[in-house]
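Take a look at the structure below. The report that follows covers its chains, their contacts and the confidence of the model.

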Amino acid sequence: MNRRWLLIIALIGLAAQFSVMGFMIARREMTLHNGVVCRFLTAPVDPYDAFRGRYVALNFAENKRWLCDCEYVRGQRIYAVIGEGTNGCNMIARLTTRPEPEEIYIRTRVLSCWREYRPLLTGTNDVVRAGRSRDVPTGRYHVCFAWPFDRFYMEEKLAPEAERAYIDASRRDKQEGVAVVRVWRGLAVIEDLELGGRPIRDVVRERLKR
Amino acid sequence: MTSSKVKWLIREVDAWEREGVVDTATATRLRTRYALAVANETPWGRIIFGSLGALLVGLGIIALLAANWSDLGRPVRTIIAFMPLCTCAVLYVVGYRRGWSSRAFLEPLGLFWGLAIGVGVALIGQTYHLPQDAKAFTLVWTLLLIPVCYATRALAPVAGYFAGLLTWVSMSQLAGGVGLWYWPLAAIIVPLIYSVRCEPNAEVRSTWMLWTAALCCTAALGITLEKSLPGLWMIVYTGAFAALLLGGEVRDSDERGWWHNPLRTLGGGGLAVVLYLLIFRWPWKEIGWNYWRTDAFCHRWATFFDFSLAIALPVTAAFLLVLAFRRVPRRNWHGVPLLPAWALWGVAPFVTAIAYALAAYGGNDQLSALLMTFYLAGLGLATLGEGLAKRRPGTINVGVLVLLAVIIGRFFSSDASFTAKGVVFIICGVVFLGANLVVSRRMKQKGGAA
């Protein structure tokens with residue numbers, strides 16, 4: 001192959017590589033600048049990623065399983081509309097395929113969807129007494145969806161300490177972990193992780209100094 | 001020719017000149033010709049050590065960044081994410097301007113460039129706390145490798161590309177998705193492998209590339225099949241291996257070594273393994289339309305891929321069989337026309353299809369297993385015969401190995417007593433040892449390689 005062609009391919013490739021990475025960064029920076037702040041209750045635990053290092057995995061109090069009136073296909077694009085909770089934190093209000101423009105929503109995908117059944121006692125009194133029943137569909141569906149934010153990366157020394165800090169705090173004075181998330185046009189980016197109203201990094205650094 | 005062989009040849013030329021076998025002018029011409037060959041030889045030591053260096057630097061950067069320097073802040077980390085890629089860009093442009101086209105420069109650069117992309121994407125993921133999505137991460141990294149493969153024409157990015165695609169398609173299928181995109185994406189790199197194979201002095205590199213591509217595609221074939229119709233994989237796999245074997249025979253029939261003809265080696269080896277599995281009864285149980293798979297992870301529309309392959313691959317094998325058959329000289333044995341052994345191996349998908357029909361519609365798994373046993377034993381005998389006729393010890397050994405495998409496999413799965421099994425094995429062993437001895441003596445007498 002001609003050397004000039006190789007150079008052209010290399011330059012196009014470099015442009016594509018820079019563009020993809022630039023696009024990933026730009027979308028998240030826009031979200032962090034323009035997004036609405038949402039807060040979700042969470043419990044941090046400390047695992048490890050070979051490429052991206054140590055992080056705290058976020059186990060959200062919010063259920064990933066939702067009960068809906070309509071059936072969704074696995075892998076279907078859906079939107080989780082965010083509502084206000086009772087404790088100053090946010091919660092998922094509903095799932096929809098078309099959110100209203102004024103709503104705050106997170107774009108996600110359906111992991112699985114299955115019919116809900118309830119037991120229906122049928123037959124003679126003897127059968128009912130024996131506890132035999134048959135399941136009938138209720139017309140509703142359990143929908144399991146992917147959270148678009150499930151990990152918070154930290155320095156390798158801080159991440160395990162963060163988990164310990166959370167366990168201590170939740171045991172002592174029932175302080176809760178809160179993930180501060182910016183949401184903009186369906187994209188959600190974690191801004192910070194708080195423990196007892198303070199950034200978890202500060203809490204952990206203080207603990208390490210002690 | 002390797003440099004050690006060239007050095008030996010030049011020493012020989014010196015001796016010929018001294019002994020008057022060749023004149024001075026011829027000796028000088030020979031020395032000049034082979035000195036040029038040494039100069040053009042691929043510097044493997046530099047390539048391997050250079051690539052190892054690039055790999056270690058790349059892995060070191062990944063480990064350093066995984067430590068997560070949160071004090072640096074987002075803007076600095078963003079710049080760091082782009083730095084390895086910028087280094088590759090600068091190196092490539094400088095290399096281009098200075099005319100560095102040696103493999104010792106391009107191979108390590110290709111490896112480091114590939115790692116630089118992964119480093120960049122991983123660091124962005126770390127900075128913005130992206131969710132766990134190994135599938136998307138692998139796909140992005142793999143797709144961004146395409147220009148690196150073409151720009152450097154290096155082995156490492158091509159191997160990384162196929163390994164990445166295979167990883168992605170495995171994860172996609174495990175998550176219940178459809179992996180059919182593997183094939184158009186894999187096809188993007190095929191022109192590159194073909195063009196490298198046409199390059200002079202790129203035999204080793206192109207052979208490695210072909211091996212990587214062929215192995216990954218063989219593995220991906222099983223992963224991407226939707227498997228709605230149980231047992232169809234047998235026709236698909238025998239078709240694919242037969243096509244590879246015959247393709248290798250058509251494309252590089254002159255290549256003698258098993259390593260230098262990956263298509264033929266992989267096709268033959270794969271075919272032997274699959275056919276060996278089919279001599280047992282278990283693959284023929286519960287197959288056919290009566291056992292059509294209908295679970296939540298089954299994509300009906302994707303089954304067209306299975307059916308297309310089940311038709312296209314045997315047809316391709318038949319086409320290649322005709323093509324390869326027209327190229328070989330006709331041979332007779334006492335007036336009986338002889339078929340080359342690979343031609344018998346090449347009809348495997350059709351024999352498998354007959355056995356499949358017997359098991360699927362007749363419900364007779366015993367008959368299908370028996371048919372395949374006789375077919376594989378016949379292949380073993382044919383290969384052994386061809387090896388003897390052409391005096392090729394390697395081919396003889398393959399034939400013996402296939403025959404032995406059939407006997408051992410079938411006999412072990414039978415209900416015969418251990419005494420009977422033991423006696424039969426001893427007899428078989430003695431017969432083979434005797435046959436080997438006779439063949440070796442005959443070859444020595446006739447001057448063949450024993």
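## Chain B

Chain B of this predicted model has 19 helices and two strands. The chain is 450 residues long, and 38% of them are buried. Now take the contacts in chain B between residues at least 6 apart in sequence. Of these, 72% join residues at least 24 apart.

## The nonpolar core

The largest nonpolar core holds 152 residues. Six of them touch the most other members. From chain A come Ala162(A) and Val181(A). From chain B come Val236(B), Ala242(B), Leu271(B) and Met372(B).

What does Val236(B) touch, leaving aside residues up to four places away in sequence? Its contacts are Leu221(B), Leu225(B), Asp306(B), Leu309(B), Ala310(B) and Leu313(B).

## Domains of chain A

The domain assignment splits chain A into three parts: domain 1 (1-34), domain 2 (36-62 + 149-210) and domain 3 (65-146). Domain 2 is thus written as two segments of the sequence.

Domain 1 of chain A meets domain 2 of chain A through six residues, which contact five residues of domain 2. On the domain 1 side, two of these residues are nonpolar, two are polar and two are charged.

## Where the chains meet

At the A–B interface, 35 residues of chain A contact 33 residues of chain B. Four elements of chain A each supply at least two residues to its side: α1 (3-34), β3 (53-60), β9 (151-153) and β11 (187-195). Which element gives the most? Helix α1(A) does, with 15 residues. By type, the chain A side divides into 22 nonpolar, four polar and nine charged residues.

## A residue in α1

Ile25(A) sits in helix α1 of chain A. Is Ile25(A) buried or partly exposed? A residue needs 20 or more C-beta neighbours within 10 Å to be buried. Ile25(A) has 19 inside that distance, so Ile25(A) counts as partly exposed.

Across the interface, Ile25(A) touches Thr78(B) and Ile124(B), with residues up to four places away in sequence not counted. Tyr166(A) lies elsewhere in the same chain: Ile25(A) and Tyr166(A) are 141 residues apart in sequence and 30 Å apart in space, C-alpha to C-alpha.

## Confidence in chain A

Chain A has a mean pLDDT of 81, and 83% of its residues reach 70 or more. Among the elements of chain A, α1(A) has the highest mean, 90. Helix α2 (residues 125-129) of chain A has the lowest, 62. Where pLDDT is low, the predicted coordinates should not be read in detail.

Definitions and conventions:
Residues numbered from 1 in each chain as written. Chains lettered and ligands numbered in written order. Predicted model: local features only at pLDDT ≥ 70, side-chain atom pairs only at ≥ 80, totals over all residues. Core = buried A, V, L, I, M, F, W, Y, C linked by C-beta atoms within 7 Å. Buried ≥ 20, exposed ≤ 12 C-beta atoms within 10 Å, placed from the backbone. Contact = placed C-beta atoms within 7 Å. Domains from an automatic or database assignment. Nonpolar A, V, L, I, M, F, W, Y, C, P; charged D, E, K, R; others polar. pLDDT = per-residue confidence, 0-100.
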